[in-house]
Amino acid sequence: MTSKIGQRLRGVALAAGLVLTSASLLAAGPAAAQQKPLSVAVVDVQKVMEETSAAKSLQEQLGKVRAGFRDGIAKDEEALRKEQEDLQKQRSLLSPEAFQKRREEFERKYGEMQKAVAERRRSFDETSARAQMAIDQAFLQVLANLAEERGYTLVLPRQTTILVDNSLDVTDEVIQRMNKSVPKLDLPKAQAPKK
């Protein structure tokens, strides 16, 4: 569910960026805007974000990080599960005080693992958000350059249009230009936790 909210917010942010890009092209003033005819283009933002080589490379890198994250959690959980089983087996052999002490130690380790998992998740989410910002910035830069070259005064996300002439769609050109100017993006490193 969080992913859908994030995608929706990203879509709104990109739409706002497209509107701001279009508005900046009109920023020369009302007189210039009146003299310049309206020239519209549309772009399929979702297709760009799925098909550019930079977006694909970031998704691949995020997938590897996510898999490592899951593997690390699974190993930690397995170690704790084994320790808990050992503790239960030794319960009858230990004095109540010794068992209590070992149980408290186990609970401390479990709490530390939960904190570590939460920190890893926060770090992954931050890295993912920074990667998305990097691809969004590259996309908006390529789109702004294309709009300036072609004289587009308004660029709309295809997802917000109901009917549009396909000749206005610049999606494939944006993908080509992004693949040429930004063939790959490296996954940004997560910032160290603040102490």
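## The main core

Start inside the protein: the largest nonpolar core has 27 residues, and Val 43, Ile 135, Phe 139, Val 170, Val 174 and Met 178 are the ones that touch the most other members. Keep in mind that this is a predicted model. At least two core residues come from each of strand S1 (40-43), helix H3 (45-51), H4, H5 and helix H6 (171-181). H5 gives the largest share, with 9 residues.

Ile 135 is a good one to click on. Setting aside neighbours within four places in sequence, Ile 135 is in contact with Met 49, Thr 52, Ala 54, Ala 55, Leu 58, Met 178 and Leu 185. Apart from the largest core there's another one, of 8 residues, including Phe 69, Ile 73, Leu 87 and Val 117.

## How H4 and H5 pack

Now for the two helices themselves. Helix H4 (residues 53-90) packs against helix H5 (residues 96-150) at an angle of about 175°, and their axes are 11 Å apart. H4 is therefore roughly antiparallel to H5. Sort the residues of this contact by type and you get 17 nonpolar, 5 polar and 9 charged.

## One aromatic pair

How many aromatic pairs does the structure hold? Just 1. Phe 69 and Phe 124 are the partners, and they're stacked, at 6.5 Å centre to centre with 10° between the planes. The pair ties together distant parts of the chain, since Phe 69 sits in helix H4 and Phe 124 in helix H5, 55 residues apart.

Are these two rings' residues buried or exposed? Phe 69 counts as buried because its relative accessibility is 15%, and Phe 124 is buried too, with a relative accessible area of 14%.

Technical notes: Residues are numbered from 1 along each chain as its sequence is written. This is a predicted model: local features need pLDDT of at least 70, side-chain atom pairs count only at pLDDT 80 or more; totals for chains, interfaces and linings use all residues. Side-chain values use heavy atoms; hydrogens and water are left out. Axes are lines fitted to C-alpha atoms, for helices over the stretch in contact, and angles run from 0 to 180 degrees between N-to-C directions. Helices (H or I, at least four residues) and strands (E, at least two) are DSSP runs, numbered from the N terminus. Angles under 35 degrees count as roughly parallel, over 145 as roughly antiparallel, 65 to 115 as roughly perpendicular and the rest as oblique. Ala, Val, Leu, Ile, Met, Phe, Trp, Tyr, Cys and Pro count as nonpolar, Asp, Glu, Lys and Arg as charged, and the others, Gly among them, as polar. Rings of Phe, Tyr and Trp (its six-membered ring) pair if their centres lie within 6.5 Å; planes under 30 degrees apart count as stacked, over 60 as edge-to-face and the rest as tilted. Buried means under 20% relative accessible area, exposed over 50%, partly exposed in between (1.4 Å probe, protein chains only). A nonpolar core is a set of buried Ala, Val, Leu, Ile, Met, Phe, Trp, Tyr and Cys residues joined through side-chain atoms within 4.5 Å. Contact means heavy atoms within 4.5 Å.
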